[in-house]
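Thanks for sharing this one with me. Here are a few notes to read with the structure open beside you.

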Amino acid sequence: MVEITTPARGILGLSAEQVRQVLSAAGRAPSVHNTQPWRFRLTESAIELHADSRRRLAVADSDGVELRMSCGAALFNLRLALAVAGVRPIVQRLPDPRQPTLLASVRAGSAKPPTPEEAALVSAIPRRRTNRRPFADERVSPAHRHELRGAAHREGAVLDIVADPGRLAKLAELSTRAHRRQLADPRFMAELGKWSGGTGPRVDGVPARAGGPAPGPRDPWVLRDFTGDRRPEPAGHAGFECDPLIAALTVYTAGPLGDLKAGEALQRVLLTATVHGLAVSPVSHLVEIPEIRESLRQVVGGRRPPHAVLRFGYGWPVVGSPRRPVEDLLLPEAGPAADPSWHRDDPGDPHDRSRLW
Ligand SMILES: Cc1cc2nc3c(=O)[nH]c(=O)nc-3n(C[C@H](O)[C@H](O)[C@H](O)COP(=O)(O)O)c2cc1C
């Protein structure tokens, strides 16, 4: 554990307490299986965001795409929290090719008061939650669709709302197929079990209480079971909405930079949804299996495969998932930057402190 002490004071012109607040906001970001795969290093002039590759999902995310997206979501929160603290963030993404786990370095630009939009988005950070429960049978309004698309656009991404019933049916079929493939993979199921369904005091992973009811046969969007013991509902009785809003998020950039930017766009979309009272859950099995992701690209019709598929609607409040304390997220000021476990299949046990960088 590294404490935020006097040396941190003055970083980007912020007090130690403000540094803690911006890091806490970053740590509230969504992450795949609530792995929270990020770490921060405070230098004299920057806050560095590093990927914590021991927290990569070796089976579901073997190439680290979702890990970098999760870190991108944390980066978006960090940008926002700095803006609201009066600091215009200057972000350098992937600043050093020799350090592939150094994802971003954030410095201070000129002092600038936050915009009303930034203030609204930052206030949504603690309220945003992944909602895996049924939503109301109410269509998402055109104005809200417009806001969601605009949020993606502001981050250089496209949010393609799949409204055509034929394309939606194809996506539903792909979703069911992808889910079945993952269910049949014992390594995937073991990994899911390791990160979800807990009832104890863990500070990461998806707790059982954050899971939703089991879907019926005609509910193809909320298939992943985080509860550990989800009992099948009688056919069609889980109460999932008949007409969910399903949308695919795509960025124009390839590779790790694209993954990071997709995470930033994802978080802007999720916070915008929260500001407008919309509930969201990701449907990631559609992007985790390469052939399915390619079929998804063909259905959506873009040049690049989507990074995320999201289900939106009007929901009811749900409980949140835990987060690690800020002190656990800090890297020492100086130390080895490269992470030898990055290319290994087994990411190791993230709770084993002897393996910290
Ligand atoms: C890249 C990414 C992929 C995700 N995929 C799924 C998913 O397929 N199903 C799901 O229910 N939640 C998914 N989530 C949501 C996470 O499980 C959630 O963010 C995490 O458990 C923390 O909970 P919170 O979002 O309520 O704060 C995903 C999140 C991210 C960032």
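1. A glance at the ligand's surroundings first, by class. In this predicted model, the shell around the ligand has seven nonpolar, nine polar and four charged residues.

2. Which residues should you look for there? The ligand is surrounded by 20 residues, and the closest are Pro30, Asn34, Thr130, Ser284 and Ser321. Two elements each give two or more residues to this shell: helix 2 (65-84) and strand 9 (279-282). Of these, helix 2 provides the largest share of the shell, with four residues.

3. Where does the ligand lie with respect to the domains? Domain 1 (6-127 + 322-327) and domain 2 (142-313) both give residues to the shell around the ligand, so the ligand lies between them.

4. Away from the ligand, do have a look at a pair of helices. The axes of helix 3 (residues 116-124) and helix 7 (residues 255-275) come within 9 Å and cross at roughly 90 degrees, which means that helix 3 is roughly perpendicular to helix 7. On the helix 3 side, the contact is made by Ala120, Leu121 and Ala124, and on the helix 7 side by Leu271, Thr274 and Val275. By class, this contact of helix 3 with helix 7 has five nonpolar residues, one polar residue and no charged residues.

5. Finally, a word on confidence. The protein has a mean pLDDT of 89, and 88% of its residues reach 70 or more. Residues 336-357, though, have pLDDT below 50; in the model this stretch has 28 contacts beyond near neighbours in sequence.

Methods:
Residues numbered from 1 in each chain as written. Predicted model: local features only at pLDDT ≥ 70, side-chain atom pairs only at ≥ 80, totals over all residues. Near = placed C-beta within 6 Å. Nonpolar A, V, L, I, M, F, W, Y, C, P; charged D, E, K, R; others polar. Domains from an automatic or database assignment. pLDDT = per-residue confidence, 0-100. Contact = placed C-beta atoms within 7 Å. Axes fitted to C-alpha atoms, helices over the stretch in contact; angles between N-to-C directions. Parallel < 35°, antiparallel > 145°, perpendicular 65-115°, else oblique.
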